Amino acid sequence: MQKLTKHRRTAFWWGLILSVLLVLSIPAIPLVAVFDLLYLLPLPLLGIMAGMIAMPLVWIHFASLCSMRRTLIAVQEGITEVNALSLHRGLHTQTVAAQLRQGIDRRYLTGYYFDGSRLTPIRPAAPRVFTVICPQCGATAEISEKKSRCAYCRMPLPLPENEQA
């Protein structure tokens with residue numbers, strides 16, 4: 001979710017910069033002409049073009065990121081079915097499914113598997129624990145890693161033979 005917040009903030013600032021650039025570029029054209037600085041004329045023209053073409057696209061992108069954020073917040077609150085999310089958000093089910101796919105693909109939403117109709121949390125596999133007897137001191141120890149050591153004599157304890165990969 002932090003990655004989404006960062007992208008949303010970046011889109012906001014670019015939208016704001018392009019909006020201000022457009023507003024400042026329009027009166028700059030007559031000022032350039034009045035003060036006979038025609039060699040600077042391409043700058044306000046580029047500002048107007050960037051403002052007219054790029055600014056709406058950036059704001060649309062920002063709005064889509066805001067909508068995705070609201071959907072992902074609903075997921076974090078426990079709504080994991082597409083139909084329930086679409087009712088909660090007031091969006092079409094295909095829109096919600098697309099937002100969930102994008103959220104997972106862009107890693108805005110991690111720890112879930114999406115099958116097209118519901119999100120399922122992915123649980124990490126529990127580490128396997130083995131009980132072994134230390135060959136040096138005879139103590140019983142539980143190990144879960146290949147490089148575990150005996151708690152008493154600090155000798156390295158190997159995994160049992162039938163459990164090694």
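**Exercise 1. The faces of a strand**

Which residues of strand β3 (residues 130-133) lie on the covered face, and which on the uncovered one?

*Solution.* The model is a predicted one, and the exercise starts from a general expectation. In a regular strand, side chains alternate between the two faces of the sheet. In strand β3, F130 and V132 make up the covered face, whereas T131 and I133 make up the uncovered one. The next step is to look for the partner of this strand: β3 is joined by 4 bridges to strand β4 (residues 140-143), and the two run antiparallel. Within this pairing, F130 of the covered face stands opposite I143 in β4. Finally, the connection can be described, since β3 and β4 form a hairpin with 6 residues between them. In the turn of that hairpin, G138 has a positive phi of about 85°.

**Exercise 2. Aromatic rings on two helices**

Identify the aromatic pairs in which F12 takes part, describe their geometry, and state which parts of the chain are linked.

*Solution.* A pair of aromatic rings is described by the distance of the centres and the angle of the planes. The structure holds 4 aromatic pairs. One of them joins F12 and W13, with 5.4 Å centre to centre and 75° between the planes; because an angle over 60 degrees counts as edge-to-face, this pair is assigned to that class. F12 also pairs with W59, again edge-to-face, at 5.9 Å centre to centre and with 75° between the planes. This second pair links distant parts of the chain, as F12 belongs to helix α1 and W59 to helix α2 (residues 42-76), 47 residues apart.

The exposure of the three residues can then be classified. Partly exposed residues fall between 20% and 50% relative accessible area, so W13 at 46% belongs to this class, as do F12 at 30% and W59 at 26%. To complete the picture, F12, W13, W59 and F62 form one aromatic cluster. F12 and W13 also belong to a nonpolar patch on the surface, together with W14, L16, I17, V20 and L24. The accessible area of this patch is about 680 Å² in total, and W13 itself lies in helix α1 (residues 2-34).

**Exercise 3. The largest nonpolar core**

Which helices supply the largest nonpolar core, and which of its residues touch the most other members?

*Solution.* The core has 18 residues, of which L72 and L100 touch the most other members. At least two residues of this core come from each of α1, α2, α3 (82-89) and α4 (93-105). The largest share, 7 residues, is supplied by α2. A separate look at helix α2 finds V75 there, and V75 is buried because its relative accessible area is 1%, under the cut-off of 20%. For a sense of distance, the C-alpha atoms of V75 and R149 are separated by 42 Å, with their positions 74 residues apart along the chain.

**Exercise 4. A salt bridge between loops**

Find the partner of R118 in the salt bridge and explain what the pair ties together.

*Solution.* Side chains of opposite charge can pair when their charged atoms come close. The structure holds 1 salt bridge. Its partners are R118 and E81, whose closest N and O atoms are 2.1 Å apart. R118 lies in the loop between β1 (112-114) and β2 (119-121), and E81 in the loop between α2 and α3, so the pair ties together parts that are 37 residues apart in sequence. Both residues are partly exposed, R118 with a relative accessible area of 36% and E81 with one of 35%.

**Exercise 5. Positive phi outside glycine**

Where along the chain do R107 and R154 lie, and what sign does phi have at R107 and at R154?

*Solution.* Most residues other than glycine have a negative phi. R107 has a positive phi of about 65° although it is not a glycine, and its place is in the loop between α4 and β1. With a relative accessible area of 60%, R107 is exposed. R154, likewise not a glycine, has a positive phi of about 70°, and is found in the loop between β5 (148-149) and β6.

Definitions and conventions
Residues numbered from 1 in each chain as written. Predicted model: local features only at pLDDT ≥ 70, side-chain atom pairs only at ≥ 80, totals over all residues. Heavy atoms only, no water. Patch = residues over 30% accessible without salt bridge, like charges linked within 9 Å, V, L, I, M, F, W, Y side chains within 5 Å. Areas by Shrake-Rupley, 256 points an atom, 1.4 Å probe, with all protein chains shown as cover. Salt bridge = Lys/Arg side-chain N within 4 Å of Asp/Glu carboxyl O. Buried < 20%, exposed > 50% of the residue type's maximum accessible area, 1.4 Å probe, protein only. Phe/Tyr/Trp six-rings, centres within 6.5 Å; stacked < 30°, edge-to-face > 60°. Pairing = 2+ DSSP bridges. Core = buried A, V, L, I, M, F, W, Y, C linked by side-chain atoms within 4.5 Å.
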